[in-house]
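Trainee: Could we go through a structure together? I'd like to learn how each label is earned.

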Amino acid sequence: MFRNVVAIERALGTGIIISSNVPISQRVEQRIRAFVEEYERTLSRFRVDSLVSRMARAEHGGDFEFPTWVQPLFAIYDEFYAATHGAFDACVGADLLALGYDNSVQFVPESAGSASNDSVSVSVSVSGNWSKYRRALPVKWADISRDDGGTTLCTNQPVQLDFGAAGKGYFVDLVTQIIKEELSSNSPANSDSLSDCDFLVNAGGDMRACFSDEDYQIKVALENPFDTTQAVGAASIASGALCASSNARRRWKVKDASYLGKDASDFESNLIATHLINALDGIPSQKLFASWTYIPAKTCAFPTAYADALATALFVSQENDLQTIVQTVGAEFAVISPNCAACQVRKTSAFPAHFFAD
């Protein structure tokens with residue numbers, strides 16, 4: 001179906017692949033590449049010239065004006081921060097940095113446990129004992145003032161933001177908008193070329209599918225969190241967004257506890273950390289091994305952002321707290337969770353996937 005591919009390497013730290021049934025023009029590709037630069041220059045905590053990095057270096061804080069296109073992302077963080085009682089928080093960047101997740105971090109390639117090739121089976125946590133971990137009371141998302149609906153963040157101290165929990169999905173939605181705008185502007189008034197264009201935007205596994213036929217579906221493999229060379233199931237998705245979170249890939253050893261000061265000697269070294277941080281205690285979540293969320297395109301304006309955020313929120317909060325959001329956006333999800341000595345796959349009734357262990 002997709003004979004045309006545009007790849008933008010290393011964008012957002014993961015790369016972007018746009019697959020389509022019609023060629024993406026060079027002008028559209030250049031516009032997307034320009035937006036990648038703008039997006040990273042605004043929101044990346046890994047770029048020293050980004051607006052987020054300026055906030056982190058501002059000794060006495062200040063007023064930081066973000067582009068207007070960031071406003072819906074701020075609104076999503078408001079929504080999830082409130083729903084999870086603060087467990088989902090953009091200020092978790094301070095915790096990630098303290099645990100060593102910066103430009104120099106070396107990820108641990110080993111899997112999070114062990115499983116057979118054809119099923120989800122016994123697994124053990126390798127995250128270690130975090131009982132001695134302590135951190136200073138951080139700045140919270142609710143502490144950052146902003147006018148209702150505005151994009152200027154006001155702080156009185158350095159703030160380390162990280163929008164990784166929803167930012168990649170939001171970026172996919174904005175790229176989708178760019179493609180739709182360009183296809184529409186290039187179409188004569190009597191042309192149906194826009195409706196005939198099918199495409200898929202994939203940013204490191206966070207994907208948005210757009211099909212002219214609302215009944216059309218594609219199959220997507222669901223990665224095994226215990227063996228990333230294998231799949232645990234296959235999803236069949238129509239126009240909409242599919243996102244996943246897992247503790248299998250972005251994992252690293254915590255080697256330096258010097259930021260804990262006098263308590264550093266009591267901190268167990270070489271713990272395994274993941275990027276899935278619960279902002280209430282600053283500790284990597286060990287609640288789940290993997291989560292997947294699917295949201296139909298017709299239910300909200302930013303389905304990939306919500307799917308991305310929900311996949312993370314399932315790790316750090318209670319499912320009951322997320323029910324209002326789940327129902328509003330029509331989300332379906334599945335998770336792999338520890339269950340005594342084994343692992344358990346749970347999914348909502350309409351999650352569009354078959355798990356091989358079913």
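Trainee: What makes Ser-245 count as buried?

Mentor: Set the value against the cut-off. This is a predicted model, and in it the relative accessible area of Ser-245 is 7%. Buried means under 20%, so Ser-245 qualifies.

Trainee: Where does Ser-245 lie, and which residues does it touch?

Mentor: Ser-245 lies in strand E9, residues 240-246. Leaving out residues up to four places away in sequence, Ser-245 touches Leu-276, Phe-289, Ala-290, Ser-291, Ala-311, Thr-312 and Phe-315.

Trainee: Why is the pair Ser-245 and Thr-312 called a polar contact?

Mentor: The two side chains come to 3.4 Å from each other. The limit for a pair of N or O atoms is 3.5 Å, with one able to donate a hydrogen and the other to accept it, so the pair passes.

Trainee: Helix H6 covers residues 303-316. How do you know that H6 has the length expected of a helix?

Mentor: H6 has 14 residues, and the expected span at 1.5 Å a residue is 20 Å. From the first C-alpha to the last, H6 reaches 20 Å, close to that expectation.

Trainee: And what makes H6 "mostly covered"?

Mentor: The count does: 14 of its 14 residues are buried.

Trainee: How do you know that helix H3 agrees with its expected span?

Mentor: H3, residues 71-83, has 13 residues and should span 18 Å; its end C-alpha atoms are 19 Å apart, which agrees. Its buried residues are Pro-72, Leu-73, Phe-74, Ile-76, Tyr-77, Phe-80, Tyr-81 and Ala-83. Just after H3, His-85 takes a positive phi of about 60°.

Trainee: Which residues touch the most other members of the largest nonpolar core?

Mentor: Phe-66, Phe-80, Leu-161 and Phe-163 do, in a core of 76 residues. Helix H6 gives this core its largest share, 9 residues. A second, separate core has 23 residues, including Leu-222 and Phe-351.

Trainee: What does Phe-66 touch, leaving aside its neighbours within four places in sequence?

Mentor: Phe-66 is in contact with Thr-42, Leu-43, Leu-51, Val-52, Met-55, Phe-74, Thr-151 and Leu-153.

Trainee: Let's turn to sheets. What makes E7 and E17 edge strands?

Mentor: Look at the order of the open sheet, E7-E8-E17, with antiparallel pairing. Strands E7 (218-224) and E17 (353-355) each have a single partner strand, so one side of each is left without a neighbour in the sheet. The twist from one strand to the next averages 35°.

Trainee: How do you know that E7 and E8 are paired?

Mentor: Pairing needs at least two bridges, and 7 bridges join E7 to E8 (residues 227-237), so the pair passes. These two strands run antiparallel. One example is Glu-223, whose bridge partner in E8 is Ala-231.

Trainee: What makes E2 a partner of both E1 and E5?

Mentor: The test is again at least two bridges: 5 join E1 to E2, and 5 join E2 to E5 (residues 199-203), so both pairs qualify. Both pairings are antiparallel. Ile-17 in E2 stands opposite Ala-7, and the bridge partner of Ile-17 in E5 is Asn-202.

Trainee: Where is Leu-12 found, and what does it touch?

Mentor: Leu-12 is found in the loop between strand E1 (4-8) and strand E2 (16-20). Not counting residues up to four places away in sequence, Leu-12 touches Val-36, Tyr-39, Glu-40, Lys-168 and Phe-171.

Conventions: Residues are numbered from 1 along each chain as its sequence is written. This is a predicted model: local features need pLDDT of at least 70, side-chain atom pairs count only at pLDDT 80 or more; totals for chains, interfaces and linings use all residues. Side-chain values use heavy atoms; hydrogens and water are left out. Helices (H or I, at least four residues) and strands (E, at least two) are DSSP runs, numbered from the N terminus. Contact means heavy atoms within 4.5 Å. Axes are lines fitted to C-alpha atoms, for helices over the stretch in contact, and angles run from 0 to 180 degrees between N-to-C directions. A nonpolar core is a set of buried Ala, Val, Leu, Ile, Met, Phe, Trp, Tyr and Cys residues joined through side-chain atoms within 4.5 Å. Buried means under 20% relative accessible area, exposed over 50%, partly exposed in between (1.4 Å probe, protein chains only). The expected span of a helix is 1.5 Å times one less than its number of residues.
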